Amino acid sequence: MAERREETRDWLRRCVDGLVELQDLRNQGQLESEAAEAICERLDEYWPHLTAKQAELAGMASADLLMRSGEELPRPPLAMDEEAVRARFQQVWEASDWLGALAILRTKPGFIPDGKLAFLRASIYERLRLFRVAAALYEWAAVKTGDDSYVSMEIDALVADGDWEAAAARARAVLDEGEHTPFLLLNASYILLRSTLIMHYPEAHEREVFSKVAEVVEGALARYELEPDAWPELVTTAVSVQAHALAQLGQREAAERVYMNWLARTPDDALA
């Protein structure tokens, strides 16, 4: 029975991943391309394997993803005032009734701005382990709000989906852009470092990545003057990533200096 559930779940994931890919092509004006046609053929193959509930969820995902192109068609508003809608949404959320929560959000309550709406939807799809949909909606939340925390959530969702290549590409874009919060820069550096170690790129590419990571982390630490007392976990992560990148470049003395400088500022951690 467990194997059967996992098999049907795999069909659902294939379906929603295909829907994300198809809508990405649609947003790029390539809906009539051979790539889009191939995705449609795959969806025709996958769909009959879904249960009724999974088909409903896939349909919701398809409709929710349309918010990225401004083509979403909301359901009629609920026949209740704002306070009642808030209470109802909290009730279904606490009950982990994710289809019910998505249904309420499909009415696009006026008190929820688009960025927050994208975030709430992404959070639900992440709980449903449909990480590719979650990543797409976190990305849209970042676009609508300019909040770097949503970009970090997008990258983490791609990692959770097992797509290290996509996560690495997004992380590298963040490092190349440069002007981001220290948390996002350091999270993106960590993901890029880890993905490079996992994926085994050519040596020249790996060295370029390690150099970029070490440079960005050093710059973030200097630019934002991150203090261990104020940002303990962030600084610890930064030091670990920077030292590891330097070590991968063969600069072991520099890596040791990074660690020793950090240890001098946080001597209590030597006992951890």
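**Salt bridges, buried contacts and loop geometry in an all-helix chain**

Asp163 has a relative accessibility of 21% and therefore counts as partly exposed, since the buried class is reserved for values under 20%. The model described here is a predicted one, and Asp163 offers a convenient way into it. The side chain of Asp163 meets that of Arg132 in a salt bridge, with an N to O distance of 2.5 Å. Asp163 sits in the loop between helix H8 (148–160) and helix H9 (164–177), whereas Arg132 belongs to helix H7 (residues 131–145), so the pair ties together parts that are 31 residues apart in sequence. Arg132 falls on the other side of the cut-off: its relative accessible area is 18%, so this residue is buried. The salt bridge thus joins a partly exposed aspartate to a buried arginine.

The wider fold gives this pair its setting. The protein chain holds 13 helices and zero strands, and its pattern along the sequence is accordingly written as α-α-α-α-α-α-α-α-α-α-α-α-α. Of the 272 residues in the chain, 47% are buried. Contacts between residues at least 6 apart in sequence were also examined, and 60% of these join residues at least 24 apart. The chain exposes about 14,700 Å², of which carbon and sulfur atoms supply 51%.

Charge pairing comes next. Side chains of opposite charge can pair when their charged atoms come close. The structure contains 17 salt bridges in total, and a second example links distant parts of the chain. In this case Arg172 and Glu208 meet through their side chains, with 2.7 Å from N to O. Arg172 is part of helix H9 and Glu208 is part of helix H11 (residues 203–224), and the two residues are 36 apart. Glu208 has a relative accessibility of 37%, so this residue is classed as partly exposed. Some of the salt bridges share partners, and in this way Arg13, Asp17, Arg132, Asp161 and Asp163 are joined into one network. The opening pair reappears here, as both Arg132 and Asp163 are members of that network.

A further salt bridge is formed by Lys108 and Asp114, whose closest N and O atoms are 3.7 Å apart. Both partners are partly exposed: the relative accessible area is 30% for Lys108 and 32% for Asp114. Lys108 is placed in the loop between helix H5 (98–106) and H6. The backbone of Lys108 also deserves a look, because its phi is near 50 degrees, a positive value in a residue other than glycine. Arg129 is a comparable case, with a positive phi of about 65 degrees although it is not a glycine. Arg129 lies in the loop between H6 and H7. With a relative accessible area of 52%, Arg129 passes the 50% cut-off and is therefore exposed.

The helices on either side of that loop, H6 and H7, supply two well-covered residues. Ser123 is found in helix H6 (residues 114–127), and its relative accessible area of 4% makes it buried. When residues up to four places away in sequence are set aside, Ser123 touches Trp93 and Tyr138. Ala141, in helix H7, has a relative accessibility of 0% and so counts as buried. The C-alpha atom of Ala141 is separated by 5.2 Å from that of Ala118, although the two alanines are 23 residues apart along the chain. Ala118 also appears among the contacts of Ala141, which, again leaving out residues up to four places away, are Gly115, Ala118, Phe119, Gly146 and Tyr150.

On the surface, Glu34, Glu37, Glu41 and Asp44 form a negative patch. One of these residues, Glu37, lies in helix H2 (residues 34–46). Glu37 has a relative accessibility of 49%; because exposed means over 50%, this residue counts as partly exposed.

Taken together, these details run from the covered side chains of Ser123 and Ala141 to the negative surface patch that includes Glu37. Between them come the salt bridges, among them the one that joins Asp163 to Arg132 and the one that joins Arg172 to Glu208.

Definitions and conventions:
Residues numbered from 1 in each chain as written. Predicted model: local features only at pLDDT ≥ 70, side-chain atom pairs only at ≥ 80, totals over all residues. Heavy atoms only, no water. Patch = residues over 30% accessible without salt bridge, like charges linked within 9 Å, V, L, I, M, F, W, Y side chains within 5 Å. Areas by Shrake-Rupley, 256 points an atom, 1.4 Å probe, with all protein chains shown as cover. Salt bridge = Lys/Arg side-chain N within 4 Å of Asp/Glu carboxyl O. Lys, Arg positive; Asp, Glu negative; His and termini not counted. Charge placed at Lys NZ, Arg CZ, Asp CG, Glu CD. Helix = DSSP H or I, 4+ residues; strand = E, 2+ residues; numbered from the N terminus. Buried < 20%, exposed > 50% of the residue type's maximum accessible area, 1.4 Å probe, protein only. Contact = heavy atoms within 4.5 Å.
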